[in-house]
Amino acid sequence: MTRLKGVIAAFLSLDLAGCALTVPSFDIPTDAYGVPLTTSITRRIRCELASLLYEMHDGKTYRTPYHQYLVGNNYQVAMLVYLNVSNKAGVAPEVTFPDTAKYLFGLSGQADLQREDTLSLNLYFSMVDIDFKYSRDPAAFDCPDVDANLSGELGIRRSVAGAIATTGLKRDSTVSPLDGEFSGSIQFVKNLGITGAGPTWTFRHFTGPGAFASASRSNTDKISFGFASGKVLNRGYNAEIRARQLVGEQIQSDTNAQLSGIRNLLR
């Protein structure tokens with residue numbers, strides 16, 4: 001009977017993995033009903049796009065060196081905001097109890113349960129539209145308080161400025177789809193975990209279940225963006241569609257880089 005109780009206790013503990021998981025939360029604020037709020041992320045993006053056009057010095061607002069290029073060439077911007085959260089919990093108990101005075105009988109098991117949620121937001125902006133609205137209400141483009149990874153400093157201005165400076169596009173007012181477009185991505189990853197949690201009881205006829213419980217949470221927040229010029233003399237060309245295509249190409253490029261890294265590790 002003692003042995004049977006030990007076996008039952010071990011496998012009952014496996015069932016606890018299902019109770020260890022709750023609905024995972026994205027790494028952003030939620031309202032009173034648990035609905036994820038992305039307002040601060042979109043406000044941050046608008047803020048950094050506006051910073052490509054205007055900057056403050058000594059309390060006065062000035063146009064940036066990129067203003068004429070981005071507005072004059074009617075740049076369209078597409079962005080994909082990708083939020084991912086993954087919760088994982090598991091148990092791997094081990095029980096040991098004497099079978100005879102000479103031998104020990106051991107039993108172990110393992111159970112893992114994982115839940116993953118994703119949220120994708122497609123955003124589109126026109127640099128001409130941002131310029132028009134900023135000139136009338138600059139406060140609407142103020143940067144928000146930081147309450148999530150993607151509401152903090154994203155570095156969009158630095159990335160775009162780097163692309164413009166690298167290709168010399170800032171000095172070219174008549175760009176084409178091939179030399180006037182660029183894309184990029186920004187990613188934040190946060191991992192939290194607990195391993196080896198659990199008590200161990202030692203009795204005359206039973207030892208277990210040991211440090212058997214584990215739980216982890218991983219949050220991945222990513223923005224992929226594409227900039228395409230709307231000043232192209234081609235009736236079949238649509239800058240907004242092209243910006244969306246650039247985002248897709250950027251995502252594919254990031255995926256290929258990850259797969260290449262995995263292949264190198266496996267060699």
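Let me start with a definition: a disulfide here is a pair of cysteine sulfur atoms within 2.5 Å. Keep that cut-off in mind. And note that the model is predicted.

So, how many disulfides does that rule give? The count is one. The partners are C47 and C143. Their sulfur atoms sit 1.7 Å apart, and the cut-off is 2.5 Å. About the S-S bond the angle is -45 degrees, and the link of C47 and C143 is left-handed. Where do the two cysteines sit? C47 is in helix α2, residues 39-51. C143 is in the loop between α4, residues 127-136, and α5, residues 156-167. The pair therefore ties together parts that are 96 residues apart in sequence. Is each end buried or exposed? C47 is buried, at 9% relative accessibility. C143 is partly exposed, at 37%.

Now the chain as a whole. It has 267 residues, and 38% of them count as buried. There are six helices and ten strands. The accessible surface is about 15,600 Å². Carbon and sulfur atoms account for 53% of that surface. On contacts, take residues at least 6 apart in sequence. Of the contacts between them, 75% join residues at least 24 apart.

Next, a hairpin. Strand β1 covers residues 54-57 and strand β2 covers residues 60-63. They run antiparallel, and four bridges join them. Opposite E55 stands Y62 in β2. Two residues lie between the strands. In that turn, D58 has a positive phi of about 55 degrees.

Let me move to the stretch around N73 to Q76. Three residues from elsewhere in the chain are worth following here.

First up, S126. It is placed in strand β6, residues 111-126. S126 is buried, with 16% relative accessibility. What does S126 touch, leaving aside neighbours within four places in sequence? N74, Y75 and Q76. Its C-alpha is also 9.5 Å from that of L70, with the two positions 56 residues apart along the chain.

Then S229, in strand β10, residues 213-229. S229 is buried, and its relative accessible area is 1%. A polar atom of the S229 side chain lies 3.0 Å from the backbone oxygen of N73.

And G230. This glycine is in the loop between β10 and α6. G230 is partly exposed, at 30% relative accessible area. Leaving aside neighbours within four places in sequence, G230 is in contact with N73, N74, Y75 and A239. Between the C-alpha atoms of G230 and L70 the distance is 9.7 Å, and the two are 160 residues apart along the chain. So N74 and Y75 appear in the contacts of S126 and in those of G230.

A239 takes us to the last element, helix α6. It runs over residues 239-266, with 28 residues. From the first C-alpha to the last, α6 reaches 41 Å. What span is expected at 1.5 Å a residue? 40 Å, and the helix comes close to that. At the N-terminal end, N238 is the cap of α6. A side-chain oxygen of N238 lies 3.0 Å from the backbone nitrogen of E240. Which residues of α6 are buried? Among them are A239, R242, A243 and L246. V247, Q250 and D254 are buried too.

To close, back to the link: C47 and C143 form the disulfide, and it is left-handed. That is my summary; over to the group.

Note on methods: Residues are numbered from 1 along each chain as its sequence is written. This is a predicted model: local features need pLDDT of at least 70, side-chain atom pairs count only at pLDDT 80 or more; totals for chains, interfaces and linings use all residues. Side-chain values use heavy atoms; hydrogens and water are left out. Two strands pair if DSSP finds at least two bridges between them. Buried means under 20% relative accessible area, exposed over 50%, partly exposed in between (1.4 Å probe, protein chains only). A polar contact is a pair of N or O atoms within 3.5 Å; within protein, one must be able to donate a hydrogen and the other to accept it, and residues adjacent in sequence count only if both atoms are side-chain atoms. The expected span of a helix is 1.5 Å times one less than its number of residues. Contact means heavy atoms within 4.5 Å. Accessible areas come from the Shrake-Rupley method with a 1.4 Å probe; for residues, only the protein chains shown count as cover.
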